[in-house]
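Trainee: Before we look at anything in detail, could you show me how each label in a structure description is earned?
Mentor: Gladly; let us take the labels in turn and set each value beside its rule.

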Amino acid sequence: QPVDWRHRVIPLELRIGIHSGPVVGGIFSQLKGCYELYGASVNTAQRLEGTARPQRVHFSAQTYALLPPSLQRQAELRRATELPGHGVQDQLTELPPSLFRGCRALEVN
């Protein structure tokens, strides 16, 4: 039996990984036609997202150094986080869930 999704609320658990570093970008396929980024920094950001807790923005020490002081003060330090393919990384930080207030669910129309 078909499900009516118009009035359902789906919980959203967002995780974001951010790393700063060199990348290569461009449109690499005429079939796909979208702009893509490649490089070790993209892979690191993906691994940061994979180790983040729900409703958190997980970022590297390189990105932390680029943040304005107001955000640095709100960041929570996570020490000794294992990143697949990168080993144990120190000084990975997260923004607290209070910055995501009001983003608890996604309504599907």
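**Reasoning from values to labels**

Mentor: This model is predicted, and the mean pLDDT of the protein chain is 76, with 83% of its residues reaching 70 or more. Confidence is lowest in strand β10 (residues 105-107), at a mean of 43, and highest in strand β3 (residues 24-27), at 88. Over residues 103-109 the pLDDT is below 50, although this stretch has 19 contacts in the model beyond near neighbours in sequence. Where pLDDT is low, the predicted coordinates should not be read in detail.

Trainee: Which elements does the protein chain have, and what pattern do they follow?
Mentor: The protein chain has three helices and 10 strands, and along the sequence they follow the pattern β-β-β-β-α-β-α-α-β-β-β-β-β.

Trainee: Why is His58 called buried?
Mentor: The label buried requires under 20% relative accessible area, and His58 has a relative accessibility of 0%, so His58 counts as buried. This residue is found in strand β5 (residues 56-59).

Trainee: What makes the approach of His58 to Thr51 a polar contact?
Mentor: The distance part of the rule asks for N or O atoms within 3.5 Å, and the side chains of His58 and Thr51 are joined at 3.2 Å. The side chain of His58 also reaches the backbone oxygen of Leu48, at 3.1 Å.

Trainee: Why is Gly85 called exposed?
Mentor: Exposed means over 50% relative accessible area, and Gly85 has 78%, so the label exposed applies. Gly85 is found in the loop between β7 (81-83) and β8 (87-89).

Trainee: Why is Leu14 called partly exposed?
Mentor: The label partly exposed covers what lies between under 20% and over 50%, and Leu14, with a relative accessible area of 36%, therefore belongs there. Leu14 is found in the loop between β1 (9-11) and β2 (15-18), and together with Leu12, Ile16 and Ile18 it forms a nonpolar patch on the surface, with about 270 Å² of accessible area together.

Trainee: How do you know that Glu49 and Arg15 meet in a salt bridge?
Mentor: The rule asks for a side-chain nitrogen of Lys or Arg within 4 Å of a carboxyl oxygen of Asp or Glu, and for Glu49 and Arg15 the N to O distance is 2.9 Å. Glu49 lies in helix α1 (residues 40-51) and Arg15 in strand β2, so the pair ties together parts that are 34 residues apart in sequence. Glu49 is partly exposed at 26%, and Arg15 is partly exposed at 33%.

Trainee: What makes Arg53, Arg56 and Glu76 one network?
Mentor: The side chains of Arg53 and Glu76 meet in a salt bridge at 3.7 Å, N to O. Arg53 lies in the loop between α1 and β5 and Glu76 in strand β6 (residues 76-78), so this pair ties together parts that are 23 residues apart in sequence. Glu76 also forms a salt bridge with Arg56, where the closest N and O atoms are 2.6 Å apart. This second pair links distant parts of the chain, with Glu76 in strand β6 and Arg56 in strand β5, 20 residues apart. Salt bridges that share partners thus join Arg53, Arg56 and Glu76 into one network.

Trainee: Is Arg56 buried or exposed?
Mentor: Arg56 has a relative accessible area of 12%, and buried means under 20%, so Arg56 is buried.

How values were computed:
Residues numbered from 1 in each chain as written. Predicted model: local features only at pLDDT ≥ 70, side-chain atom pairs only at ≥ 80, totals over all residues. Heavy atoms only, no water. Patch = residues over 30% accessible without salt bridge, like charges linked within 9 Å, V, L, I, M, F, W, Y side chains within 5 Å. Areas by Shrake-Rupley, 256 points an atom, 1.4 Å probe, with all protein chains shown as cover. Helix = DSSP H or I, 4+ residues; strand = E, 2+ residues; numbered from the N terminus. Buried < 20%, exposed > 50% of the residue type's maximum accessible area, 1.4 Å probe, protein only. Polar contact = N/O pair within 3.5 Å; in protein donor to acceptor, adjacent residues only side chain to side chain. pLDDT = per-residue confidence, 0-100. Contact = heavy atoms within 4.5 Å.
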